[in-house]
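Me: Could you pick one part of this protein and take me through it closely? I'm in my first year, so please build the picture step by step.

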Amino acid sequence: MTDADATTTTATTISTTAAAGADWQAWQQSWDGQQEWYMPDREERFRIMLDMVEALVGPAPRVLDLACGTGTITARLLARFPQATSTGVDLDPALLAIAEGTFAGDERVEFVTADLKDPDWPARLPHDTYDAVLTATALHWLHAEPLADLYGRVAELVRDGGLFMNADHMIDDTTPRINAAERAQRHTRMDAAKGEGALDWSQWWQLAAKDPVLAGPAARRFEIYGEHADGDMPSAAWHARVLREKGFGEARPVWCSPSDTLLLALK
């Protein structure tokens with residue numbers, strides 16, 4: 001499938017899904033629940049992310065929601081900062097359908113369909129620069145070299161004094177015993193939650209594939225990506241070093257859990 005095949009305009013997607021009467025808020029809640037099964041502290045990282053946005057660029061930022069998915073960051077951004085604006089960019093047709101349906105009619109929000117591995121994806125954006133570029137639990141599917149290339153393009157999009165934040169799995173290979181113990185405990189808790197009815201990734205997509213509105217976009221999604229796969233997931237120190245090499249003046253973690261890190265880079 002080509003990028004053109006994967007791309008649908010925002011207007012067409014919104015009109016089609018709105019006519020079908022999909023319950024977008026229900027899909028948002030379902031997505032949040034599935035993600036929280038993996039990351040029970042997910043909301044805490046979003047709170048810290050927005051704290052740092054406010055501290056560094058104020059309460060009315062122009063934000064790029066990178067690999068936006070269903071618009072999770074955008075929803076929390078606008079709830080906290082009503083004067084903010086957001087551009088969401090992603091390639092996933094199903095998650096973008098949910099995002100576009102959720103924010104239909106909100107002039108503060110725009111969505112762009114683009115492949116972040118395409119070096120020309122920034123040309124599709126409505127703005128040349130942003131106060132903040134934010135992403136969460138999305139870039140771990142990239143391997144180190146394309147991720148470093150992406151960081152270079154992000155650095156060009158962030159204005160001087162602006163920031164980039166990435167909340168994701170960042171694995172320190174120098175601590176294998178700690179990593180193994182954390183993983184074992186986390187999966188024990190996940191298994192218990194699943195026994196109580198929590199949906200995992202595969203089950204959520206099975207539901208989406210049965211939905212009359214999302215079935216088509218979900219099928220296109222798997223044509224584009226195939227099954228879910230992880231990239232290299234390098235350490236927080238690697239991310240900070242590469243971001244500085246690509247043009248940011250400062251970079252360090254501002255929050256972490258035993259398995260994940262929220263890393264902030266300041267231009």
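Reply: Helices and strands are runs assigned by DSSP, at least four residues for a helix and at least two for a strand, and they are numbered from the N terminus. With those names we can find our way around. Please keep in mind that this is a predicted model.

Let's take strand β7 as our part, which covers residues 260-266. Is β7 mostly covered or mostly open? Mostly covered: seven of its seven residues are buried. You can follow the side chains along the strand too. Asp260, Leu262, Leu264 and Leu266 point one way, Thr261, Leu263 and Ala265 point the other way, and both sets are buried.

Asp260 in β7 deserves a pause. Why does Asp260 count as buried? A residue is called buried under 20% relative accessible area, and Asp260 is at 2%, so it qualifies. To get a sense of distance, look across to Ala192: it is 68 residues from Asp260 along the chain, and their C-alpha atoms are separated by 21 Å.

Next, who are the partners of β7? Strand β6, residues 250-256, is joined to β7 by six bridges, and the two run antiparallel. One pair to look for is Trp255 with its bridge partner Leu262 in β7. Between β6 and β7 there are three residues, and the two strands form a hairpin.

Strand β5, residues 158-169, also pairs with β7 in the antiparallel sense, this time over seven bridges. Here you can look for Asp168, whose bridge partner in β7 is Thr261.

Asp168 leads us on to an empty space. Rolling a probe the size of a water molecule over the atoms shows where empty space is left. In this structure, the search finds one cavity of 30 Å³ or more, and the largest cavity has a volume of about 50 Å³. Asp168 is among the residues that line the largest cavity, along with Asn166 and His169. Which element gives the most to this lining? It is β5, with three residues. Other lining residues include Leu139, His140, Pro234 and His239. Sorted by class, the lining has five nonpolar, four polar and one charged residues.

Met233 is another residue of that lining. Met233 sits in the loop between α10 (215-225) and α11 (236-245). Its backbone is worth a glance: Met233 has a positive phi of about 50° although it is not a glycine.

Ala67 offers a second case of this kind. Its phi is near 55°, a positive value in a residue other than glycine. Where does Ala67 lie? In the loop between β1 and α5. Ala67 is buried, since its relative accessible area is 14% and the limit for buried is under 20%.

While we are there, let's set β1 beside β7. Strand β1, residues 62-66, has four of its five residues buried, so it is largely enclosed by the rest of the structure. Its pairing runs in the parallel sense: five bridges join β1 to strand β2, residues 85-90, and three bridges join β1 to strand β4, residues 130-136. For landmarks, Arg62 stands opposite Thr85 in β2, and Val63 has Ala132 in β4 as its bridge partner. Helix α5, residues 72-80, belongs to this picture as well: β1, α5 and β2 make a right-handed β-α-β unit.

Within β2, have a look at Gly88. Gly88 is buried, with a relative accessible area of 0%. In sequence, Gly88 is 24 residues from Val112, while in space the two are 6.2 Å apart, C-alpha to C-alpha.

One last check concerns cysteines. A disulfide is a covalent bond between the sulfur atoms of two cysteines. How many disulfides does the structure hold? Zero. Two cysteines show contrasting surroundings: Cys68 counts as buried because its relative accessibility is 6%, whereas Cys256 is exposed, with a relative accessible area of 54%.

So, back to where we began. Strand β7 is mostly covered, it forms a hairpin with β6, and it pairs with β5 in the antiparallel sense. Try tracing those three strands in the viewer, then follow Asp168 from its partner Thr261 to the cavity that Asp168 helps to line.

Definitions and conventions
Residues are numbered from 1 along each chain as its sequence is written. This is a predicted model: local features need pLDDT of at least 70, side-chain atom pairs count only at pLDDT 80 or more; totals for chains, interfaces and linings use all residues. Side-chain values use heavy atoms; hydrogens and water are left out. Buried means under 20% relative accessible area, exposed over 50%, partly exposed in between (1.4 Å probe, protein chains only). Two strands pair if DSSP finds at least two bridges between them. A disulfide is a pair of cysteine sulfur atoms within 2.5 Å. A crossover is right-handed if, with the strands pointing away from the viewer, the path from the first strand over the helix to the second runs clockwise. On a 1 Å grid over the protein atoms alone, a cavity is a set of points where a 1.4 Å probe fits but cannot get out, and a pocket is an open set with protein on both sides within 12 Å along at least five of seven lines; lining residues have an atom within 4 Å of a point. Grid points are joined across faces, edges and corners, and a volume is the space filled by probe spheres set on the points. Ala, Val, Leu, Ile, Met, Phe, Trp, Tyr, Cys and Pro count as nonpolar, Asp, Glu, Lys and Arg as charged, and the others, Gly among them, as polar.
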